[in-house]
Amino acid sequence: MTSPVEHPAARTAPGERAGFRRVLAGSMAGAVLEWYDFAIYGILAATVLGPLFFPGDSGIVKLLLALATQGLGFVARPLGGIVFGHLGDKYGRKPMLVVTFLLLGISTAMIGLLPTYSQIGLWATVLLVVLRMVQGFALGGEFGAAVLMVSEYGEPKRRGFWAAWPQAGAPLGTVLATVVVTSIGVLFPSDAFDRWGWRLAFLVAIPLLIIGIWIRRSVEESPVFRAAQARAETRAATERRSSVLEALSRPRPVLHGLGMRLGENIAFYIYTVFVIAYATTSFGYERGDVIMAVTFASLAQFLGMIGGGHWSDRVGRKKAMLVPAVVLVVWAPAFFWLVQTESLPMLWLGVCVGAFFHGMLAGTEAAWITELFPTRHRYAGASLVFQGSSIIAGAPAPLIAVWLIDSFGVGTVIGYLVLTMAVTVVAVATSRETKGADLDTVQ
């Protein structure tokens with residue numbers, strides 16, 4: 001057996017290796033902020049934003065319009081992934097970390113400062129839509145940069161563990177959003193919350209932004225990217241074609257990544273978004289009880305992500321993803337049966353187990369997707385996978401599940417989840433093992 005080639009990060013000076021802690025902290029700050037933004041909008045769209053920003057007499061129409069605006073963030077994410085993916089492969093990961101983080105934090109804080117429809121009319125609606133699009137655009141580039149910086153700095157033998165941390169920003173951001181909204185609701189009467197208290201939830205982005213920028217300002221560029229850039233300059237290849245087109249010209253890694261993310265993304269939204277509507281409208285669960293179950297499931301998901309990433313460094317990426325993917329196929333009918341018992345402890349069990357194994361799968365995928373692509377178009381390729389799957393799988397998943405259960409019954413939703421998870425299993429099983437790959441030489 002040949003020994004793995006030494007990673008460029010391991011050949012850098014001690015000061016650069018010590019800088020990995022700043023890279024990890026900066027990536028985590030961005031991941032938590034991006035998912036906090038996503039969750040806070042979703043929570044408040046269903047309660048506050050509809051009446052304040054959308055005209056009309058129908059409460060249902062206002063709610064649907066507010067939720068549709070939330071969906072626009074998904075539409076903008078692939079565009080952000082394409083733009084920042086190309087720029088990140090050309091100019092470096094660090095500038096994209098700063099630009100996307102600023103866009104994300106500022107647009108979120110500005111939502112908290114917007115005048116309402118009653119104050120400036122339709123301009124309030126337009127500005128909310130624009131800021132939501134900016135959020136999605138920035139998020140599309142932010143996540144790829146965060147994962148790549150950690151992966152390209154980290155040593156190969158522990159890359160799975162470290163790359164899982166930016167992934168784990170998703171459940172932490174969701175928990176933070178729930179805690180913030182709950183705390184504001186406790187501190188202020190409902191009328192004060194509806195009039196102005198909700199703004200505080202968006203303005204929390206300001207201290208998060210300051211902390212993140214303070215951490216990121218001293219982060220050095222990825223050593224793997226610097227080495228690739230030096231080789232490109234030596235070959236006078238700096239004017240090569242778009243890295244997005246390069247990634248698409250060799251579609252196998254992109255297709256493997258999209259296939260893997262199909263079931264993983266849908267499972268996430270079934271266990272965290274769809275379950276709230278399903279349990280409260282079809283059965284006798286209280287909304288607050290279900291949200292609390294989902295919040296604790298986010299903590300289980302966090303543990304699954306970190307554990308899955310660590311396990312993948314020991315047994316390989318494929319095995320570490322195949323095991324939870326198969327478990328999620330089997331767990332789908334069990335989950336719906338547990339919800340149908342109308343027992344709160346059984347609901348907790350169903351959601352938390354599903355979220356934990358989803359976390360194991362998602363935690364490993366960060367390093368795996370990074371290792372699929374060469375440095376010259378790694379940012380673009382990873383962004384196409386992460387953000388492309390979000391719009392084709394994650395965004396419509398709750399709507400498709402609601403439509404299926406309303407039109408054909410719960411069995412079709414189970415089939416939907418099982419079928420898409422089976423695609424994930426096939427995508428992983430037919431991919432190559434990447435554990436220990438030298439990112440400097442991946443082709």
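## A salt bridge within α9

Asp191 sits at 44% relative accessibility in this predicted model, which makes it partly exposed because it falls short of the over 50% needed to count as exposed. Its partner is Arg195: the two side chains meet in a salt bridge, with N and O 4.0 Å apart. Arg195 has a relative accessible area of 53%, so it does count as exposed.

Both residues belong to helix α9, which covers residues 190–203, and they are 4 residues apart, or about one turn of the helix. An α-helix has 3.6 residues a turn, so residues three or four places apart point the same way.

## A buried pair and a network

Now for a pair on the inside. Glu365 and Arg261 join their side chains in a salt bridge at 2.8 Å, N to O. Glu365 belongs to helix α16 and Arg261 to helix α13 (residues 251–282), so this pair ties together parts that are 104 residues apart in sequence. Glu365 is buried at 0% relative accessible area, and Arg261 counts as buried too, at 6%.

Arg317 and Asp313 make another salt bridge, where the closest N and O atoms are 2.9 Å apart. Arg317 is buried, with a relative accessible area of 0%, and Asp313 is buried with 11%. These two are part of a salt-bridge network that links Arg159, Asp313, Arg317 and Glu371. Searching the whole structure turns up 7 salt bridges.

## Helix α16 and the loop before it

Glu365 has another role to note: α16 has a kink of about 30 degrees, and Glu365 is at its centre. The helix takes in residues 344–372, 29 residues in total, and spans 42 Å from its first C-alpha to its last, close to the 42 Å expected at 1.5 Å a residue. Of those 29 residues, 21 are buried, so α16 is largely enclosed by the rest of the structure.

Have a look at Glu342 as well, in the loop between α15 (317–340) and α16. Glu342 isn't a glycine, yet it has a positive phi of about 60 degrees. At 48% relative accessibility, Glu342 counts as partly exposed.

## Packing around Leu417

Leu417 is in helix α19 (residues 410–429), and with just 1% relative accessibility it counts as buried. Leaving aside residues up to four places away in sequence, Leu417 touches Ile266, Ala267, Ile270, Tyr271, Ala332 and Phe336. The C-alpha atom of Leu417 is also 9.2 Å from that of Pro333, although the two are 84 residues apart along the chain.

## A nonpolar patch on the surface

Over on the surface, Tyr117, Ile120, Leu122, Trp123, Val126, Leu127 and Val130 form a nonpolar patch, and together they have about 630 Å² of accessible area. Two elements give two or more residues to the patch: α5 (117–120) and α6 (122–153). The biggest share comes from α6, with 5 residues. One of the patch residues is Val126, which lies in α6 and is partly exposed at 35% relative accessible area.

## The whole protein

Stepping back, the protein has 19 helices and 0 strands. Its 443 residues are 56% buried. Among contacts with a separation of 6 or more, 85% are between residues 24 or more positions apart. The accessible surface adds up to about 17,600 Å², and carbon and sulfur atoms account for 70% of it.

Definitions and conventions
Residues are numbered from 1 along each chain as its sequence is written. This is a predicted model: local features need pLDDT of at least 70, side-chain atom pairs count only at pLDDT 80 or more; totals for chains, interfaces and linings use all residues. Side-chain values use heavy atoms; hydrogens and water are left out. The expected span of a helix is 1.5 Å times one less than its number of residues. The bend at a residue is the angle between axes fitted to the seven residues ending there and the seven starting there. Buried means under 20% relative accessible area, exposed over 50%, partly exposed in between (1.4 Å probe, protein chains only). Contact means heavy atoms within 4.5 Å. Accessible areas come from the Shrake-Rupley method with a 1.4 Å probe; for residues, only the protein chains shown count as cover. Patches are made of residues with over 30% relative accessible area and no salt bridge: like charges are joined within 9 Å, nonpolar side chains (Val, Leu, Ile, Met, Phe, Trp, Tyr) within 5 Å.
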